[in-house]
Amino acid sequence: MLKILLVIPPEESYIEASSHQKVDKKREARPKLGILYVATYLKKHQPDVEVKVLDCPSENINFVQYEEFVREFNPDLVGITALTFTIVDALKTVKHTKEINPRTLVCIGGFHSTLFPQETLKQPGVDFIVVGEGEVTFNELVKELSVNNPEFKKIQGLGFHKGADIIINPQRALVEDLNLLPFPDYHMVDIKKYAHVLGKDAVTVAIQSSRGCPFGCIFCDIRRTKFRFRSADNIVEEITYWYKEGIRSFFFIDDNFVLRRDRLADICAQIKERNMKIDFKISARVDGVDREMLIDLKNAGCSRINFGVESGHQKHLDYLGKGINPVQTERAFRLCREVGIKTFAYMMIGILNETREEMYAELDFLRKIKTDYTNFTVCSPYPKTKLYEKLLEDKVVKHDYWQDFAENPTKNFVMPVVPGQYTVEELRNIQAELTRRYYLSRHIILRELKEIKSFRQFYNMSKLGLKILLSFKSRPHN
Ligand code: B12
Ligand code: SF4
C-alpha cells in the first residue's frame with residue numbers, strides 16, 4: 001500500500017510580504033484548504049492508499065519534529081504546498097525528507113510551482129511539481145506511481161525529470177464543476193487548532209464556495225481568472241455536515257462571495273430554513289453589496305465582511321485597476337453598519353507616487369467610513385502580477401528580482417517595495433505606526449474589551465495587541 005504525506009511546511013523563514021510579519025506570523029492557526037482539497041480527493045479516489053496531512057505551523061512542528069514524523073510514517077511520496085513566500089521553508093522540508101530517506105519522492109504544488117514550474121523543479125531534491133489545481137493531477141501521479149512502468153508524460157499539469165531533462169507537461173483544464181469535488185476533510189488535521197482571533201474563540205471551518213475572479217486589480221494573482229462557483233445546495237450541505245459535528249463558525253475564503261446574487265440569497269434562505277445558528281465571515285467588493293443582500297446575510301449569521309478598500313484616493317484606486325471609488329466604499333460601510341454587520345478594511349500603502357501625507361490621510365478616511373477593523377498592507381509587487389510586469393516595463397523596477405529569487409530561493413531575501421520614495425524599512429515603520437494609531441485608539445480598545453467572551457479570546461487578542469505595540473520600531477516623521 002502506497003503511503004502519501006501532504007505537508008504544510010514548518011514556518012521558519014517565511015518571506016515578509018504585504019502584512020507586517022511581527023503581527024502576521026503565528027497569529028493564529030489558519031486552515032490551509034489547498035492541501036486538504038488535494039488530500040481529500042486522493043483519499044476518495046484511491047481508498048487503498050494511506051494518506052496523511054501534516055499542518056506544521058498549526059501543530060507547532062519544527063524541522064526536528066518533522067523528521068521524527070517522516071521517520072515513523074516512512075512515506076513513498078511527500079507532497080508539499082508552497083507560496084512564493086513560503087518556498088524557502090518548503091525546500092528545507094524537501095531537504096529534511098531526503099535526509100531521512102533519499103528514495104522518498106517529493107512533489108511541490110501551490111502558487112509558487114504554478115508561477116515558476118521550471119525553477120522549482122530545478123531545486124535539489126524536487127522530483128515533481130504540479131502546476132495549477134492539484135486534485136486530479138496529484139491523484140493521477142499517485143496512481144501512476146503504483147504501476148511498474150509509470151508514464152508521467154501523460155499527466156497534464158505535472159512537471160518531472162527525464163534523465164537530465166526537465167519536462168513540464170501541458171496545463172490541465174480547470175475543474176469545471178466544483179460541486180464534484182469532495183468537501184475538504186478536516187478530520188485529517190486537528191480541527192480544534194483553527195480558531196480566528198476575531199472569531200469569538202470558536203473553532204472555525206474555512207469554506208471555498210467559488211474559484212477565480214473576473215475583476216482586474218493589477219496587484220492580484222487571481223485577476224481575470226475564470227470564475228466558477230458551487231451551487232447553493234452543495235455549500236449548504238457542507239455547512240450542515242459541520243453543523244452536525246458541532247461547528248458554529250465558518251469563514252468563506254472566496255475573494256468575492258457576493259458575485260452571484262441569486263446564489264447568495266438561496267444560501268442564506270437555506271441556512272434560515274434549516275434553522276442553523278451559525279456565525280460566518282465573508283469577503284466582498286464594495287461595489288457588489290446592496291441593502292437587501294446585506295439583510296439576507298445578517299439574518300443568516302454573517303457577522304463580518306472583509307473589503308479590499310485599498311485606498312481612499314481615486315488616483316491610487318485607478319492605478320491599481322481596482323474599479324471602485326471612495327463613494328462606493330463609504331456606502332458599503334454605511335449599509336453594513338445600518339444592517340449590523342461588522343466591517344474589515346484592507347488598506348494598501350506604498351503605492352507608486354503615494355505621498356506620506358496621503359498614507360496618513362487614510363486614518364481620516366477610515367474614521368469617516370467607521371470601519372470596525374483594518375489591516376494596513378504594503379503594496380507588494382508579487383511575482384508575475386500585472387503590477388510587477390508594469391513596473392518592469394516602465395523601468396521603475398530595473399531588474400527581475402523575482403526571477404533571481406525563483407532560481408535561487410534564499411531566506412535572506414527581502415521583498416522590495418515599489419521603488420521610489422521609500423525604503424522597505426520606512427514603509428514598514430509607517431505601516432506599524434498607522435496600525436498602532438488605529439488599534440490603540442481608546443474607542444477600539446474599549447470596544448474590544450467589551451466583546452471578549454473567553455480566556456482564549458482574551459489571550460489571542462492580548463497577543464495580537466502586544467505584537468502591534470512591538471511592531472512599532474521607530475517613530476517616522478508625519
Ligand atoms: C486564504 C488565503 C490566505 C490565508 C491562508 C493561507 C494559506 N496558506 O492557505 C492567510 C490569510 C493566512 C493568507 C496569508 C498569506 N497569503 Co494568502 N491567500 C489566500 C487566498 C485568498 C486563498 C487560498 C486558498 O485557500 N485557496 C483555495 C485552495 C483550494 O487553493 P490553493 O491554495 O491555490 O490550492 C490549490 C492549488 O494551488 C494546488 N496546491 C496547493 N498546494 C498544493 C500542494 C500539492 C502537493 C499539490 C499537488 C497541489 C497543491 O492544489 C490546490 C487545489 O486545487 C489566496 C488567493 C486565492 N484566491 O487563491 C491568497 C494567496 C495565496 N495569498 C498570497 C499571499 C502573498 C499571502 C501572504 C504572503 C500575505 C501576507 N500576509 O503578507 C500570507 C502568507 C502566509 C503563509 N505563511 O502562508 C498570494 C500568493 C502569491 C504567491 N505568488 O505566492 C495569494 C495568491 C493572493 C494574491 N495576492 O494574489 N492567505
Ligand atoms: S483583489 Fe479581489 S477583486 Fe481584485 S482581482 Fe483580486 S480577487 Fe479579484
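1. A residue is taken to be near a molecule if its C-beta atom, placed from the backbone, lies within 6 Å of it. On that basis, 40 residues surround ligand 1, and A17, G34, G79, G109 and G134 come nearest. The structure discussed in this note is a predicted model.

2. The shell around ligand 1 draws on several secondary-structure elements. At least two residues each are supplied by α2 (33-45), β3 (77-81), β4 (105-109), α6 (111-115) and α8 (135-145). The largest share, five residues, comes from α2. By class, the shell holds 20 nonpolar, 12 polar and eight charged residues.

3. The position of the ligand relative to the domains deserves mention. Ligand 1 lies between domain 1 (3-168) and domain 2 (195-380 + 417-471), because both give residues to its shell.

4. As to the overall content, the protein chain has 19 helices and 15 strands. Of its 478 residues, 41% are buried. Among contacts between residues at least 6 apart in sequence, 75% join residues at least 24 apart.

5. One open sheet has seven strands in the order β2-β1-β3-β4-β5-β6-β7, and its pairing is mixed. The edges are formed by β2 (50-55) and β7 (165-168), each of which has a single partner strand, so one side of each is left without a neighbour in the sheet. On average, and with direction ignored, neighbouring strands of this sheet are turned by 20 degrees against each other.

6. Within the seven-stranded sheet, strand β1 (residues 3-8) runs parallel to β2 and is joined to it by six bridges. One bridge pair consists of V7 and its partner L54 in β2. Helix α2 packs on this sheet and touches β1, β2, β3 and β4, while its direction makes about 170 degrees with that of β2. This is the helix that also gives five residues to the shell around ligand 1.

7. A further open sheet has six strands in the order β8-β11-β12-β13-β14-β15, with parallel pairing. Here β8 (204-207) and β15 (373-378) stand at the edges with a single partner strand each, so one side of each has no neighbour in the sheet. Neighbouring strands of this sheet are turned by 20 degrees against each other on average, direction ignored. Four bridges connect β8 with strand β11 (residues 249-252) in the parallel sense; I207 has F252 in β11 as its bridge partner.

8. F152 is placed in the loop between α8 and β6 (158-162). Not counting residues up to four places away in sequence, F152 touches E144, L158 and F160. Between F152 and E140 the C-alpha to C-alpha distance is 9.0 Å, with 12 residues separating them in sequence. A residue is partly exposed when its count of other C-beta atoms within 10 Å falls between the limits of 12 or fewer for exposed and 20 or more for buried. F152 has 18 such atoms and is therefore partly exposed.

9. Two residues other than glycine call for a check of backbone geometry. N60 has a positive phi, near 55 degrees, and is placed in the loop between α3 (56-59) and α4 (63-73). R224, likewise not a glycine, has a positive phi of about 50 degrees and lies in the loop between β9 (210-211) and β10 (228-229). N60 has 13 other C-beta atoms within 10 Å and is therefore partly exposed. R224 also counts as partly exposed, because it has 13 C-beta neighbours inside 10 Å.

Conventions:
Residues are numbered from 1 along each chain as its sequence is written. Chains are lettered from A and ligands numbered from 1 in the order in which they are written. This is a predicted model: local features need pLDDT of at least 70, side-chain atom pairs count only at pLDDT 80 or more; totals for chains, interfaces and linings use all residues. Ala, Val, Leu, Ile, Met, Phe, Trp, Tyr, Cys and Pro count as nonpolar, Asp, Glu, Lys and Arg as charged, and the others, Gly among them, as polar. Domain bounds come from an automatic or database domain assignment. Two residues are in contact if their C-beta atoms, placed from the backbone, lie within 7 Å. Two strands pair if DSSP finds at least two bridges between them. Axes are lines fitted to C-alpha atoms, for helices over the stretch in contact, and angles run from 0 to 180 degrees between N-to-C directions.
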